[in-house]
Amino acid sequence: MALLRITSPHTHRAGQRTSWVMQMVILATVPGLLVQTWLFGYGTLINLVIACITALISEAFILKLRNRPIGFFLKDYSALLTAVLLALALPPTVPWWLTVTAVAFSVIFAKQVYGGLGNNPFNPAMVGYAICLVSFPVPMTQWIGASDLISAGATPSFSDSLAAIFGTLPTVDSYTMATPLDAFKHKDGLMASEAFASIAGLQGPNLSSWMYVNLAYLVGGLALIALRIITWHTPVAMLTALAVMSGVFYAIDPSNAASPLFHLTSGAAMLGAFFIATDPVSSCTSNRGKLVYGAGIGILVYVIRSWGGYPDGVAFGVLLMNFAAPLIDYYTQPRAYGHEKAKKGLTIGGEK
Amino acid sequence: MQTPPVYSFHGGIHPPENKTQSLQLPLGHPSLPRELILPLGQHIGQASRPLVEVGTKVKKGEAVAMNNGFLSSFLHAPTSGTISAIETRPIAHPSGLSDLCIILTPDGADEWIELEPLANWKDISKTDVLAFLSEKGIIGMGGAGFPTQVKLQGAHKHTLSHFIINAAECEPYITADDMLIREKTLELVLGIEILQHIVEADNVVIGIEDNKPTAIAALQQLLRERQSSIQVAVVPTKYPSGGEKQLIKLLTDKEVPSGQYPADIGILCQNVGTCIAVYEAIQQGRPLISRFTTLTGDALKAPQNVEVLLGTPIDHLLAYADLQENKLSRLVMGGPMMGFTLDSGNVPVVKTTNCVLAATKKELPAPYPEQACIRCGMCEQACPASLLPQQLLWFSKSQELEKAEHYNLFDCIECGACSYVCPSSIPLVQYYRHTKAEIRDTREAAVKSDIAKQRFEARKARHEAEAAEKEAKRLARQGAAKPAAKKPAKPAPEKADTAAPAPAVDEAAKKAKVDLAIAKAKLKKLEKALLEAQEKEHTEEISALQTQVDEAKKDIVELEKLVASAPAAAPVAKTAAPALSDEAKKAKVDVALASTKLKKAEKQLAEDPDNQELKDKVAGFTADLKAAQETFDKLGGDVKTAPATAKPVLSDEAKKAKVDVALASTKLKKAQKQLAEDPDNAEIKAKVAGFEKDLKEAEARFAKLDSAPTVQAAPAAKPAMSDEYKKAKVDVALASTKLKKLQKQLAEDEQNSELQGKVVEFEKALKDAEARLAALEAPTAASTPSDSSTVVTPAVDEEALRKLKIDSAIAKAAVKKAEKALAKAIELGSEDKDSLEQQVNKAKARAEELEQALQNGGQATTKPAESSDNGADDAEFKERLKKQKVAAALAKAQVNKLKRQLDADPSSECLQQALAVAEQKQQEEEAKLEQLTNTQENR
Amino acid sequence: MMTVLLAIGILVALALVFGAILGYANVRFHVEGDPIVDQIDAILPQTQCGQCGHPGCRPYAEAISNGEAINRCPPGGQATVQALADLLDVEAIPLDGGAEEPVQRVAVIREDECIGCTKCIQACPIDAILGAAKQMHTVISDECTGCDLCVEPCPVNCIDMVEVGVTSRTWSWEKPQGVGVQSAQIIATDRQTEAAQ
């Protein structure tokens with residue numbers, strides 16, 4: 001009988017594999033997904049299906065080109081997670097080809113071209129999202145509006161969603177409406193209070209529907225923390241930074257700035273904080289690094305929302321901080337056992 | 001009793017404990033196995049040196065191997081029996097490689113030697129107690145196997161604030177320490193008290209995990225009864241709380257600085273097993289010959305703890321615990337977190353074997369294939385050293401060694417927590433181990449290349465100095481030669497000669513000084529490396545470096561002596577050095593120096609055969625050489641008696657004997673040569689006889705040693721004729737070299753006259769060889785040193801026979817070689833083909849000619865060797881030899897050049913080649929001419 | 001006209017000032033020797049084997065600094081080429097004569113056959129062979145760099161180049177094979193053959 005000769009340790013934690021991690025993250029998006037479907041119609045679900053199929057096909061295609069075992073890598077669920085996150089971030093009514101473009105770009109150019117899972121410097125989902133946002137700004141910023149929460153008639157039916165996505169619904173405009181962030185950005189010189197009173201996108205139902213969506217993601221995110229799949233550092237730092245930034249500016253000028261609550265509960269704040277900024281591959285790795293990284297995203301999100309060209313800034317905030325992640329990592333090494341101080345930076349050339 | 005505070009450390013994991021299985025049965029005592037395998041390297045540091053030979057009968061507890069340097073340990077027979085072999089066997093090592101082991105076949109009597117406890121350990125000096133512990137083979141029984149006396153010595157560096165007894169045993173499955181505490185509670189406490197006395201510690205804490213309630217209760221009860229000041233700190237169960245650094249952090253909240261030892265911050269850690277071993281050694285005189293080991297795993301029907309003799313094969317233990325062979329999928333020595341797998345069960349239990357885990361496939365499933373690192377950070381949360389395992393993996397994969405070091409790779413304790421939690425099943429620890437080894441290798445290579453560079457530069461400097469000196473000498477001689485041309489060539493060379501030996505001595509002194517400087521530099525470097533290694537806690541490195549440092553120091557002492565003695569001329573400095581080997585080395589150096597000088601003088605004599613003073617000098621040097629050889633001889637005698645008194649190390653003895661044989665044969669050779677030069681000298685004859693006897697003795701001794709099957713790789717025992725055989729071989733080699741040269745010259749220059757001259761020379765050389773052979777025969781044939789004619793005559797027949805054989809062999813070899821050259825030439829399409837063919841034919845013809853001539857010659861009576869002619873002949877021969885050497889060197893250089901050209905441009909025209917050959921020829925002729933004129937001048 | 005002259009004047013003055021500074025710096029911070037040669041020399045393995053065509057490592061280092069190819073050092077192998085390429089910021093080219101990885105060897109003299117001719121001693125670039133005329137020679141294996149130079153001069157061919165084997169003290173774990181490969185290599189042990197018999 002043949003005995004194994006391998007290095008220690010010989011025992012491994014049962015069950016918690018990379019695929020399990022990915023599955024748990026996907027599962028944690030379910031509350032958000034449900035709420036989004038409930039409030040904005042079936043578009044998100046349809047997008048999800050399109051995104052998943054695209055992701056699997058493009059991943060398999062590239063793996064085949066790269067001569068890698070396809071089944072082995074598809075089973076790590078990383079492509080599916082990218083697809084799910086993108087589907088959640090895209091507006092429910094985007095044309096199908098936009099979803100396909102975004103997902104394929106994410107998987108092929110943002111991930112596989114760098115060497116596949118674990119080697120991508122940028123968050124793949126956000127790369128795909130940002131590319132589409134830059135290239136097709138109009139469909140990317142049109143969301144289903146929720147004028148009245150209770151009346152379900154306001155959300156498009158399944159067939160309407162399908163028709164909208166495949167471009168055969170002429171009346172799609174009747175469903176869409178600027179998101180609160182978009183609306184607030186384009187308040188055209190109105191005072192904040194006036195804007196909230198007059199603009200449809202900033203009316204109660206639309207605001208609260210976005211709040212519900214964000215709360216649902218918060219629930220999913222807390223579940224991830226409880227499962228120890230992510231640590232609290234990045235989301236807390238990001239949300240705190242966002243809250244502090246908005247709080248400071250709200251305190252200085254309440255007539256032109258929105259409240260911290262508005263910022264925390266609209267747009268992709270929670271989705272970004274718990275599901276996108278925490279992508280381990282492209283984020284910082286040490287706990288202190290994660291704090292810096294999260295805070296950086298929070299600040300950038302506020303900056304882009306307030307003074308940038310786009311209504312929401314999560315995608316760009318995350319991508320910009322991805323750039324900074326290696327640098328932050330070098331300066332936030334933990335203090336190792338037996339060392340008085342943590343090492344900082346990186347000395348090359350042997351001098352220490 | 002107060003409970004000491006317990007702190008916490010970063011990270012850690014909670015793998016399933018699996019400790020209950022092996023605690024169901026009481027302590028087992030397996031039977032004696034068929035044989036016990038005792039590896040010589042059971043600990044960190046240098047392997048032990050065996051003290052026994054094959055066939056030695058030993059009693060239980062008798063030392064079978066002793067320490068070899070500072071970081072090493074003793075080894076004892078675990079039972080009485082016979083040493084059946086000392087050979088390489090598979091050892092308990094992750095590599096599955098074999099190493100040298102002493103194999104003991106038990107006689108079943110289990111008879112102890114008389115045990116001598118150290119009753120007065122409280123009164124004698126602590127160094128003596130430590131030495132006693134070292135002699136009892138005590139090493140750290142927790143993990144790495146650090147020799148205990150070394151660790152305790154280190155504890156004296158600072159006053160100890162804490163003395164920690166490590167009973168945490170955090171690895172899953174293992175319960176050996178648990179069982180040990182339960183079984184030997186009192187011994188443990190007494191052992192701790194002894195250690196407490198040795199290291200003068202007040203604050204003693206036993207760190208134990210809370211999953212051993214029985215052991216904790218037993219300990220606490222006993223400590224209460226004894227009103228001991230020893231405290232028991234119960235730490236929460238978390239892997240790796242039993243790691244030394246982690247336990248220190250848990251119990252003292254201090255961290256051992258990176259690259260340092262706990263002793264540096266006033267803390268000492270000892271394993272419970274070590275404490276008990278110390279107690280048994282001091283109070284009972286028992287050496288470390290057995291230990292507690294856990295046999296566990298689902299493949300065993302009766303998992304349990306056993307007290308097992310060291311050296312017991314694992315198979316034996318597995319059989320004792322009812323192994324179900326078909327269920328076994330992985331055999332692990334040690335725990336599942338840090339243990340290593342064994343290829344088979346034929347490896348022995350060693351001093352650090354705390355567990356043997358026979359796991360089924362279900363229990364320890366094969367790891368999943370490695371997936372990509374997603375930098376999830378789970379490893380970072382688990383790392384007890386607060387490292388960033390994911391970053392280290394990245395650097396390890398890309399072999400960025402500097403970055404890996406910068407990220408504190410060497411603070412990794414290889415506990416395996418990161419691999420355990422890794423969701424991508426990355427064998428992180430293996431990556432780190434590999435990278436650590438890479439870094440160490442790179443460092444070693446750097447050190448080695450530095451040394452090589454130094455040596456190269458020293459050599460270059462020496463050569464330059466020598467060349468300058470030669471030049472100066474040549475100028476001096478030229479200056480002297482002018483007046484010598486007018487006068488009858490006597491006083492001038494004298495001047496030159498008196499000048500010559502002085503520089504020779506100077507030279508030797510200079511060389512010694514250079515060597516000394518190099519050695520000192522090396523020592524400094526080594527010490528620096530040692531310091532660094534100590535800082536970085538590379539124990540293996542430390543031991544190696546330590547020995548190197550010791551060696552270097554020894555070298556320096558020796559060299560210093562040499563430097564001191566050199567100006568006072570060679571044969572002085574025969575002061576008895578303390579170390580045997582040193583003395584021998586020195587004597588060897590003396591011999592070498594004396595012989596060099598003798599050679600020089602002889603050369604000068606050859607140049608100037610009439611110079612009486614030179615002759616005297618030669619005689620003086622011969623005497624010196626003789627004296628040096630005598631010291632050597634004496635030392636040989638010492639060596640002969642040494643094994644009985646000093647170190648009965650088997651292989652060493654064999655080596656020594658071999659050296660003796662070599663020395664004796666060299667001496668014999670030398671004496672024989674002298675005899676050949678001066679056959680009338682009765683003294684030399686006597687010496688030859690004496691050397692002959694020595695040689696035979698040495699050979700006999702060597703043969704005896706060699707016949708013992710344990711000595712490895714020793715060459716087959718030499719027959720009594722070996723020296724003659726060697727000599728014949730030497731002659732053949734010399735003759736064939738000459739023949740080679742001849743052929744080369746023949747190929748280049750087909751002028752017959754020269755060739756004939758060469759042939760004559762060649763024959764002369766052969767004659768010389770013959771004469772030497774005859775001389776060789778003479779003392780053996782006629783042991784009575786009567787007159788020279790009787791010595792020579794009986795040898796004549798044999799001489800002729802031998803000559804015939806040698807010549808025919810040489811000629812045949814020449815033919816073969818020429819044929820080979822021809823084949824090569826044909827292959828290369830060279831134009832030399834024809835000349836080479838001619839050469840082959842010539843060589844063949846010559847071979848036949850020679851054979852015939854020699855056959856005739858064998859029948860014809862050879863004229864008796866004339867002693868007076870011999871000296872002159874010799875001188876002449878030497879000159880010609882020299883000439884030939886130079887010619888050959890030139891020829892060789894040119895051949896090399898040709899080859900290179902050919903390599904560089906294989907398609908090149910043969911014209912160039914021919915040109916090169918012509919050039920070569922010309923140069924050679926010039927060289928020869930020059931030499932000829934030189935010899936004429938000298939005459 | 002005045003402005004033009006002024007501009008020229010200022011520029012000349014500046015040129016003089018900076019020239020003076022440069023000149024001073026050149027004297028003040030003058031570096032003895034050629035540090036790049038030292039750096040190259042530090043990378044070379046110091047076997048002094050001459051396989052590069054130069055008599056030793058330092059001459060080759062000097063030649064490299066003068067533009068010779070960096071791939072002429074077989075004992076250093078591709079690793080040395082890479083290190084040199086990194087140092088000199090040039091492209092790493094494959095090793096001259098095949099990218100065979102160097103195996104660490106040492107010379108071993110079959111002492112029974114040694115005739116004590118001292119030829120190998122003279123050939124050894126680092127004095128790692130011990131012996132005297134007509135005395136048996138031996139190689140100090142710790143110092144031997146495995147350069148081969150002693151093999152050829154031996155008239156009785158009694159020098160072998162022996163690979164430095166792996167012992168349990170020098171052994172180390174190999175690098176894992178990477179993503180997607182079964183990290184456990186199954187090793188059939190003697191048990192298997194025993195069972196088969």
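Guide: Helices (H or I, at least four residues) and strands (E, at least two) are DSSP runs, numbered from the N terminus. You are looking at a predicted model, where local features need pLDDT of at least 70 and side-chain atom pairs count only at pLDDT 80 or more, while totals for chains, interfaces and linings use all residues. Residues are numbered from 1 along each chain as its sequence is written, while chains are lettered from A and ligands numbered from 1 in the order in which they are written.

Visitor: How many helices and strands are there in chain C?
Guide: Let's walk along the chain. From the N terminus on, its elements run α-α-α-α-β-α-β-β-β-β-α. That order matches the totals for chain C, 6 helices and 5 strands.

Visitor: What percentage of the residues in chain C is buried?
Guide: A residue is buried if 20 or more other C-beta atoms lie within 10 Å of its own, exposed if 12 or fewer, and partly exposed in between, with C-beta atoms placed from the backbone. Chain C has 197 residues, and the buried part of them is 28%.

Visitor: Which residues of chain C are covered by the UniProt annotation "binding site"?
Guide: The annotation comes from an unreviewed entry, and such annotations may be inferred rather than shown by experiment; the positions use the numbering followed here, and feature names are shortened. The covered residues are C:Cys124, C:Cys144, C:Cys147 and C:Cys150.

Visitor: Within what distance do the C-alpha atoms of these four residues stay?
Guide: In sequence they span 27 residues. In space they gather at one spot, because no two of their C-alpha atoms are farther apart than 10.6 Å.

Visitor: Is C:Cys124 buried or exposed, and which residues is it in contact with?
Guide: C:Cys124 sits in the loop between helix 5 (119-123) and strand 2 (129-130) of chain C. It counts as buried because it has 26 C-beta neighbours inside 10 Å. Two residues are in contact if their C-beta atoms, placed from the backbone, lie within 7 Å. Leaving aside neighbours within four places in sequence, the contacts of C:Cys124 are C:Ile129, C:Leu149 and C:Cys150.

Visitor: How far apart are the C-alpha atoms of A:Thr332 and A:Cys284?
Guide: A:Thr332 is placed in the segment after helix 17 (314-331) of chain A, and its 20 C-beta neighbours inside 10 Å make it buried. Among the residues it touches, not counting those up to four places away in sequence, is A:Cys284. The two are 48 residues apart along the chain, yet their C-alpha atoms are separated by 9.1 Å.

Visitor: Which residue of chain A does B:Cys373 touch?
Guide: B:Cys373 is one of the residues that the UniProt annotation "binding site" (unreviewed entry) covers in chain B. It lies in the loop between strand 16 (355-360) and helix 9 (378-382) of chain B, and it is buried because 25 C-beta neighbours fall inside 10 Å. Not counting residues up to four places away in sequence, B:Cys373 touches B:Gln390, B:Leu393, B:Ser424 and B:Ile426, along with A:Gly118.

Visitor: How many bridges join strand 12 and strand 13 of chain B?
Guide: Two strands pair if DSSP finds at least two bridges between them. In strand 13 (residues 304-309), 5 of the 6 residues are buried, and B:Gln304 of this strand stands opposite B:Leu295. Strand 12 (residues 290-296) runs antiparallel to strand 13, and the number of bridges joining them is 6.
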